[in-house]
Amino acid sequence: MEGVLKPGAAPLSVVARVTTWPLMGLLTLPVIGWALGGGIWHWLTLMVFVGMSVLDPFVGPDNINHRPEDELALEKSLFYRVMLWLLVPAQWAVAVFCYWLFTQGDLTVAEQAGVLLSSAIAVGFGATAAHELAHHGQRFDRWMGIFLFTPINMCDFAIYHNYGHHNRVATPEDPGSAKYGDSIFAFIVRSIVYKTLMGWEIEAERLRRQGRSPLSLHNGMLWMTVLPLAWLATMVALFGWLAVPLFLAHFLFARVLLAVADYLEHYGLARRRLPDGGWETIRPAHAWDDSFLVSSLLFCQIDRHSDHHANVGRPYQILRVMQEAPRLPYGYLVMLWVALIPPLWRRVMHPRVEAFWDSGAAVPHGRPENLPERYRASAVY
């Protein structure tokens, strides 16, 4: 990709070099497992995913930020958009293949479990690219993101995320911003349910402002619900009712993946309430940042999360590491596992959260009963 830059440009970040090829590789693993003869190879995607989680801290971060004069060329390059578009037919093809494979009568229970888990990871990680596309200014790109969300029943995410989360992040009004002391498992359930409800609320309010009924066909949430149901109906028609557990697995993995990522990204960080009742402008201090390379490859560099919130329109290939942001100790692929073990999470993160509060860069976000006493007076509940 150096060809899009002028001679003498600074080096590209690794993600800007390889774009979505790692996601494409992950997506093909269920097919490769089948081609290798099945059996234990049906678990190949899960094995690779765990292996990448182990590898991530040893590879370490890629902290390259592109120069402002290089960013414009990278942002305008059609190549990065095309690489995201290619994931749509690839994801749909692999998903249909997995439905076919899962519903064949000659698989053992262990092989079916391997196909179910492997396909959930491979297809579900399309959500990371879909998130990126959902932020693009071009309508075509946003629809391609919705198509990536369709097989995993997450189309409604585009409405909640763009018009809810990015406006209300790091406040008690956002179900995707975790409070200090929140149980990860309660947060997952609560965030999945309330994100969807907020999507319906956002659309209802938009239509009321236009003088239209929330029950009209202009309600985007209606279509965001119809698309995944149409996908499910098609899979059941093609492969029978055994397609339902695979659909649920794809849905649950993607939803839980992004819910846990939300938990990592804003845990314990709050924006200050202003005298007029509003909230201070979103700053890098309101999101946890990191740039561990292996994680960045699978998450479209969204782990550079502080820049993503401070500069919402910035595409993934030029997201910056923000020096003033709080830093996670490891990449997402490690921290996902840490978050799912609450005692380990508290041991790893609570000292970091409290040290960042003490710096004055952000105010505490938590329920009074969960906060150390010295923070209760200054906290946002």
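In this predicted model, α13 provides the largest share of the lining of the second largest pocket, at six residues. That pocket holds about 330 Å³ of space. Its wall is made of 15 residues, with Phe49, Phe253, Val256, Trp337 and Leu340 lying nearest the centre. Besides α13 (243-266), the helices α3 (44-59), α7 (109-124) and α16 (332-339) each put at least two residues into this lining. Chemically there's not much variety here: the lining counts 15 nonpolar residues, no polar and no charged.

The largest pocket has another make-up. Its volume comes to about 600 Å³, and 22 residues line it, those closest to its centre being Arg142, Ile159, Tyr163, Glu203 and Gly220. Here the lining splits into ten nonpolar, five polar and seven charged residues. At least two lining residues come from each of α9 (139-149), α10 (157-168), α11 (184-209) and α12 (220-239). Of the contributors, α11 gives the most, with five residues.

As for the cysteines, a search of the whole structure turns up zero disulfides. Cys98 takes part in none, and the nearest cysteine sulfur, that of Cys155, sits 19 Å away. Cys98 is also buried, its relative accessible area being 0%. Cys155 is unpaired too, because its sulfur lies 17 Å from the closest cysteine sulfur, in Cys300, which is too far for a bond; a disulfide would need the two sulfur atoms within 2.5 Å. Like Cys98, Cys155 counts as buried, at 0% relative accessibility.

Methods
Residues are numbered from 1 along each chain as its sequence is written. This is a predicted model: local features need pLDDT of at least 70, side-chain atom pairs count only at pLDDT 80 or more; totals for chains, interfaces and linings use all residues. Side-chain values use heavy atoms; hydrogens and water are left out. Buried means under 20% relative accessible area, exposed over 50%, partly exposed in between (1.4 Å probe, protein chains only). On a 1 Å grid over the protein atoms alone, a cavity is a set of points where a 1.4 Å probe fits but cannot get out, and a pocket is an open set with protein on both sides within 12 Å along at least five of seven lines; lining residues have an atom within 4 Å of a point. Grid points are joined across faces, edges and corners, and a volume is the space filled by probe spheres set on the points. Helices (H or I, at least four residues) and strands (E, at least two) are DSSP runs, numbered from the N terminus. Ala, Val, Leu, Ile, Met, Phe, Trp, Tyr, Cys and Pro count as nonpolar, Asp, Glu, Lys and Arg as charged, and the others, Gly among them, as polar.
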